[in-house]
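Please follow the chain shown below with the following explanation at hand. The account proceeds from one pair of helices to another, then to individual loop residues, and ends with the chain as a whole.

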Amino acid sequence: MLERTLNFKLLEMCSKCGACYSICPSCMNIPGYDPRAVIKDILSGDHEKWLSSRHIWECLECHYCVEICYQHYGFENAMTALRNIATRKGMHPPQVKRGWDMFVKTGKLGEPALPARKKLGLPEPKASGGEELKKLYSLLKERRSGEGSDITAEEGGKP
């Protein structure tokens, strides 16, 4: 599965480099956060143990690793791939499920605090498009149920 989503040749070079460690906020601030250890396990076929690790969820997806990487690859690709597998297996943190439920319900990943926005003199947020999302999601569910297959998280199903 990982072979289809990750470039193992680039990961091999990534595992030997580490240039991004000096710029990655998670590497600099989270004890034990070591993407090269994750990548080495992916390359050796031993990635399953990381699916239950909080570290794969601690990548901020800030893209700093991609920007500094001489291959323009970045280890965030590995973290994203592992998070996708963990989600499909139901091994995601509860916050992911809550975020997904809110997104399906409102079209937003979080609700802005209107009193705080008003206090700061900020305008009301734009409409989320949540109603359109609900219609699309409903159509997708109907279509998929008619085909007799489950909707995966990648296709818009619940994590």
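In this predicted model, the cover over the buried residues of helix H7 includes helix H9. The residues of H7 that count as buried are Gly99, Trp100, Val104 and Thr106. H7 itself is made up of 13 residues, and the distance from its first C-alpha to its last is 18 Å, close to the 18 Å expected at 1.5 Å a residue. Just after H7 comes Gly107, whose phi is positive, at about 80°.

The relation also holds from the other side: what covers the buried residues of H9 includes H7, which runs over residues 94-106. H9 occupies residues 130-147, a total of 18 residues. From first C-alpha to last, H9 reaches 25 Å, close to the 26 Å expected at 1.5 Å a residue.

Which residues of H9 are buried? They are Gly130, Tyr137 and Arg144. Viewed down the axis of H9, these buried residues fall within an arc of 55°, and they therefore line one face of the helix. A general property of helices is useful here: an α-helix has 3.6 residues a turn, so residues three or four places apart point the same way. On the face of H9 turned away from the buried side, the exposed residues are Glu131, Lys135, Leu136, Leu139, Glu142, Arg143 and Gly146. Leu136 and Leu139 are thus listed on that exposed face together with residues such as Glu131 and Lys135.

A second pair of helices may now be considered. Two packed helices are described by the angle between their axes and the distance between the axes. For H4 and H6, the axes come within 10 Å and cross at roughly 65°. The crossing of these two helices, H4 and H6, is left-handed. Which residues meet where H4 and H6 are in contact? From H4 the participants are Pro35, Val38, Ile39 and Ile42, and they meet Ala78, Met79 and Leu82 of H6. Sorted by class, the contact of H4 with H6 comprises 7 nonpolar residues, with no polar and no charged ones.

Two loop residues deserve separate attention for their backbone geometry. Glu61 lies in the loop between helix H4 (35-43) and helix H5 (64-68). Although Glu61 is not a glycine, its phi is positive, at about 50°. Is Glu61 buried, partly exposed or exposed? Its relative accessibility is 38%, and Glu61 therefore counts as partly exposed.

His72 is situated in the next loop to be examined, between H5 and helix H6 (76-88). His72 likewise has a positive phi, near 55°, in a residue other than glycine. With a relative accessibility of 58%, His72 counts as exposed, because the cut-off for that class is over 50%.

Finally, the chain can be viewed in its entirety. Its secondary structure comes to 9 helices and 0 strands, and along the sequence the pattern reads α-α-α-α-α-α-α-α-α. The C-alpha trace spans about 50 × 45 × 25 Å along its principal axes. The chain has 159 residues, of which 33% count as buried. Among contacts between residues at least 6 apart in sequence, 61% join residues at least 24 apart.

Conventions
Residues are numbered from 1 along each chain as its sequence is written. This is a predicted model: local features need pLDDT of at least 70, side-chain atom pairs count only at pLDDT 80 or more; totals for chains, interfaces and linings use all residues. Side-chain values use heavy atoms; hydrogens and water are left out. Helices (H or I, at least four residues) and strands (E, at least two) are DSSP runs, numbered from the N terminus. The expected span of a helix is 1.5 Å times one less than its number of residues. Buried means under 20% relative accessible area, exposed over 50%, partly exposed in between (1.4 Å probe, protein chains only). The arc is that of the directions from the helix axis to the C-beta atoms. Contact means heavy atoms within 4.5 Å. Axes are lines fitted to C-alpha atoms, for helices over the stretch in contact, and angles run from 0 to 180 degrees between N-to-C directions. A crossing is left-handed if the near helix is turned anticlockwise from the far one by less than a right angle, and right-handed if clockwise. Ala, Val, Leu, Ile, Met, Phe, Trp, Tyr, Cys and Pro count as nonpolar, Asp, Glu, Lys and Arg as charged, and the others, Gly among them, as polar.
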